[in-house]
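Colleague: Could you take me through this one? I have some questions about the surface and the charged pairs.

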Amino acid sequence: MNTHLARLYYIAQQPSRRIIGLMSGTSLDGLDVALCNVRGHGSGTQLTLEQFTTVAYDEDVRYRIRQVFAGNQVSLEYLTLLNPWLGILHADMVLACLRNWQIDPAAIDLIASHGQTVYHAPYHQHQRADFSLNATLQLGDGDHIAVRTGIITVSDFRQKHLAAGGEGAPLAAYGDYLLLSSPNEERLLLNLGGIANFTYLPRTGEDASTAFSTDTGPGNTLLDATVRAHRPGLAYDEDGRLAAAGQVHQELLKTLLDHPFFAAPLPKTTGPSYSGRHTCRKHRGKTALQN
């Protein structure tokens, strides 16, 4: 049997698997690295978080990503080169984490890599008659991660969701349902990241098909883009100090909430093309931060 297939067969037979999950969101603050011990399957799945850290992106990494982040015109050569470059970067971050945790890479069964989202284009947002489909793009080539770390790597999760008829995001509903459902109550799990989203969970034992995840609109991306535009040298509003010292700009808020996204039915998705620097530029006259 092929060595790699034999390894996959061996992993599948084990009562537990040690999996490293990688996630870098639209906030571009860094790479989340979570080492998880996963036991069982289906409704019997159990997870223990063994290690976790966020490896911060330095300014050079953020600068490189921003060259293509939610941009309508980018260099195809640059985009093509950035994909493996990010894969190698993420692989080196994983290896550095394992050294810090004093764990041999051979003790890890899998790496699950989300990739760095640089553009998200659900149909309700792009509205192009010549492409009546949902699309999304994440960089950080999984093959480079696998070869550099020597660990089997699974990636491109959003593409699989798109191919099955979804919008490619959010992807948390299945894992949330298995790990966080309660027999006593319905639950709503809120994530405030670059994009805000929530997962609705019915009670355990009720119709699992009613569980769903949806984006609710921009989160940190709008805030971060505004700070970068009006506070040179700052990447974000640390501890919300600038926001806490200001007042709600009612006219700007109304303009933003008039966007068709908010009238679309659930579940729905959005991305940095709406929630990032382009939106701030569009409303530049209304977003000036006062001293």
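Colleague: Does Leu179 count as buried, partly exposed or exposed, and what is its relative accessibility?

Modeller: Bear in mind that this is a predicted model. Leu179 counts as partly exposed, at 39% relative accessibility. Leu179 is found in helix H7.

Colleague: Which residues form the nonpolar patch on the surface?

Modeller: Leu179 and Leu180 are in the patch, along with Leu47, Leu49 and Phe52. Together they have about 440 Å² of accessible area.

Colleague: Which elements supply at least two residues each?

Modeller: Strand E3 (46–56) and helix H7 (173–180) do. E3 gives the most, with three residues.

Colleague: Changing topic: how many salt bridges are there?

Modeller: The count comes to 11. One of them is between the side chains of Glu59 and Arg62, at 3.0 Å from N to O.

Colleague: Where do Glu59 and Arg62 sit relative to each other?

Modeller: Both are in helix H2 (residues 59–66). They are three residues apart there, so about one helical turn separates them.

Colleague: Why does that spacing suit a pair?

Modeller: An α-helix has 3.6 residues a turn, so residues three or four places apart point the same way.

Colleague: And Arg62, buried or exposed?

Modeller: Arg62 has a relative accessible area of 16%, so it is buried, the cut-off being under 20%. Glu59 counts as partly exposed, at 43% relative accessibility.

Colleague: Which salt bridge links distant parts of the chain?

Modeller: Take Arg148 and Asp92, whose closest N and O atoms are 2.7 Å apart in a salt bridge. Arg148 is in helix H5 (residues 142–149) and Asp92 in helix H3 (residues 76–101), with the two positions 56 residues apart in numbering. Arg148 is partly exposed at 44% relative accessibility, and Asp92 is partly exposed too, with a relative accessible area of 31%.

Colleague: What about Glu185, which residue does its side chain meet in a salt bridge?

Modeller: Glu185 meets Arg187, at 2.9 Å from N to O. Glu185 is partly exposed, with a relative accessible area of 38%, and Arg187 is partly exposed with 30%.

Colleague: Which residues are joined into one network by salt bridges that share partners?

Modeller: Glu59, Arg62 and Arg66 are.

Colleague: Back to H3. How many residues does it have, and how far does it reach?

Modeller: H3 has 26 residues and reaches 38 Å from its first C-alpha to its last. That is close to the 38 Å expected at 1.5 Å a residue.

Colleague: What comes just after H3?

Modeller: Gln102, which takes a positive phi of about 55°.

Technical notes: Residues numbered from 1 in each chain as written. Predicted model: local features only at pLDDT ≥ 70, side-chain atom pairs only at ≥ 80, totals over all residues. Heavy atoms only, no water. Salt bridge = Lys/Arg side-chain N within 4 Å of Asp/Glu carboxyl O. Helix = DSSP H or I, 4+ residues; strand = E, 2+ residues; numbered from the N terminus. Buried < 20%, exposed > 50% of the residue type's maximum accessible area, 1.4 Å probe, protein only. Expected span 1.5 Å × (residues − 1). Patch = residues over 30% accessible without salt bridge, like charges linked within 9 Å, V, L, I, M, F, W, Y side chains within 5 Å. Areas by Shrake-Rupley, 256 points an atom, 1.4 Å probe, with all protein chains shown as cover.
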